Amino acid sequence: MSRPTVIVTRALPAPWLAALAAECELVIGPAAPPPASAVAGTRFAGRGAWCDATWSALPRADAILSLLTEPVDAAVLDAAPRLRVVSNMAVGVDNIDLAACAARGIPVGHTPGVLTDATADLTMALVLAHGRRVLEAADDARAGRWSTWSPDGWLGRDLCDATLGIVGWGQIGRAVARRAAGFGLHCLVHSRTPPAPAAGIEPVGLAALLSRSDIVSLHVPLSPQTRHLVDARALAAMQPHALLVNTSRGAVVDQDALVDALRRGVIAGAALDVTDPEPLPPTHPLFSLPQVLVLPHIGSATLGTRRTMAELAARNVLAALRGEPLPHAITRG
Ligand code: GLV
């Protein structure tokens with residue numbers, strides 16, 4: 001019997017794909033999407049790492065293991081009449097047209113849970129790095145600008161007794177709250193399904209969260225309801241000394257409004273692991289603002305986490321190919 005064909009949209013370390021390779025023919029995409037300039041005007045423009053090899057394998061594909069950089073939309077699905085599953089190596093699935101998959105009866109898998117700790121850790125890293133001016137101070141030390149122990153140099157913000165507003169009470173929001181408790185932060189939480197009040201955790205409406213928080217941290221998935229949730233009005237509701245932290249999806253923030261708010265001192269700073277678009281061009285105004293810290297979407301980037309994500313995504317594929325329910329389905333097809 002012929003082995004099923006699985007498209008893996010981007011190259012991953014071979015050991016991470018060993019279980020899939022043992023049972024399937026793999027068609028593996030490039031290590032990185034081509035630069036936008038190289039694809040402009042072709043059918044691959046804006047299509048992440050879909051390249052000739054992966055695109056032309058769609059008619060015989062039984063499964064797609066996608067990364068968040070590749071769109072899986074109606075055009076992809078129409079080109080893949082045999083497709084039995086889409087498995088995203090991410091917890092977020094905003095790159096996938098879920099309605100188009102459901103209309104074709106194709107289940108969609110993702111990788112919840114395994115990246116919670118890594119992403120919550122990175123959220124705290126952003127809070128600490130921005131709040132204590134870690135990058136600026138390290139640059140100054142390296143560049144010979146450390147002339148003495150300075151009583152009023154590199155002054156940052158105190159975390160103990162500060163108020164952290166957590167928008168979104170999924171696994172990552174809750175993991176951030178657990179870490180925040182260790183730093184003495186008081187947490188305000190806004191969510192569609194608010195937590196029960198507990199020591200250090202206060203459920204509030206979004207307006208109260210924005211106006212009372214010293215730090216606002218975003219932990220919602222990107223959806224039509226959350227796109228530009230943080231817009232000019234939301235930013236205007238924040239305190240002038242407030243810091244905005246985003247480790248969710250760039251488009252949850254209206255980035256033009258953010259640039260404007262930062263330039264006018266409406267809020268004090270932003271620490272962003274995610275932007276819109278990604279990668280953010282080096283000429284983008286956010287990079288010219290000293291009160292902004294931008295990371296290249298590394299929330300889940302630990303060796304153990306990324307490997308586990310790949311293995312979970314592979315398990316979703318193998319289950320579907322065996323006709324079994326996906327262990328981690330976002331939709332069941
Ligand atoms: C990362 O951003 C993910 O959604 O897994």
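The questions and answers below go through the sheets, one loop residue and some salt bridges of a predicted model.

In this predicted model, local features need pLDDT of at least 70 and side-chain atom pairs count only at pLDDT 80 or more, while totals for chains, interfaces and linings use all residues. Residues are numbered from 1 along each chain as its sequence is written, and side-chain values use heavy atoms, with hydrogens and water left out.

Me: Which strands stand at the edges of the seven-strand open sheet?
Reply: Strands are DSSP runs of E with at least two residues, and helices are runs of H or I with at least four, numbered from the N terminus. Two strands pair if DSSP finds at least two bridges between them. The pairing in this sheet is parallel, in the order β8-β7-β6-β9-β10-β11-β12. Each edge strand has a single partner, so one side is left without a neighbour in the sheet, and these strands are β8 (201–203) and β12 (292–294).

Me: Which residue in β8 stands opposite C187?
Reply: Strand β7 (residues 186–190) runs parallel to β8, and three bridges join them. Opposite C187 in β8 stands I201.

Me: At about what angle does helix α12 run to β4?
Reply: Axes are lines fitted to C-alpha atoms, for helices over the stretch in contact (heavy atoms within 4.5 Å). Angles run from 0 to 180 degrees between N-to-C directions. Helix α12 (residues 303–321) lies across β1, β3, β4 and β5, and its angle to β4 is about 170°.

Me: Is N95 buried or exposed?
Reply: N95 lies in the loop between β4 (85–88) and α5 (98–103). Not counting residues up to four places away in sequence, N95 touches seven residues, among them S66, P71 and N88. Buried means under 20% relative accessible area, exposed over 50% and partly exposed in between, with a 1.4 Å probe and protein chains only. N95 has 11% relative accessibility, so N95 counts as buried.

Me: Which residue forms a salt bridge with D94?
Reply: Side chains of opposite charge can pair when their charged atoms come close. A salt bridge is a side-chain nitrogen of Lys or Arg within 4 Å of a carboxyl oxygen of Asp or Glu. For D94 the closest N and O atoms are 2.8 Å apart, and the partner is R249.

Me: How many residues apart are E23 and R322?
Reply: E23 and R322 form a salt bridge, with the closest N and O atoms 2.9 Å apart. E23 is in helix α1 (residues 18–23) and R322 in the loop between α12 and β13, so the pair links distant parts of the chain, and the separation is 299 residues.
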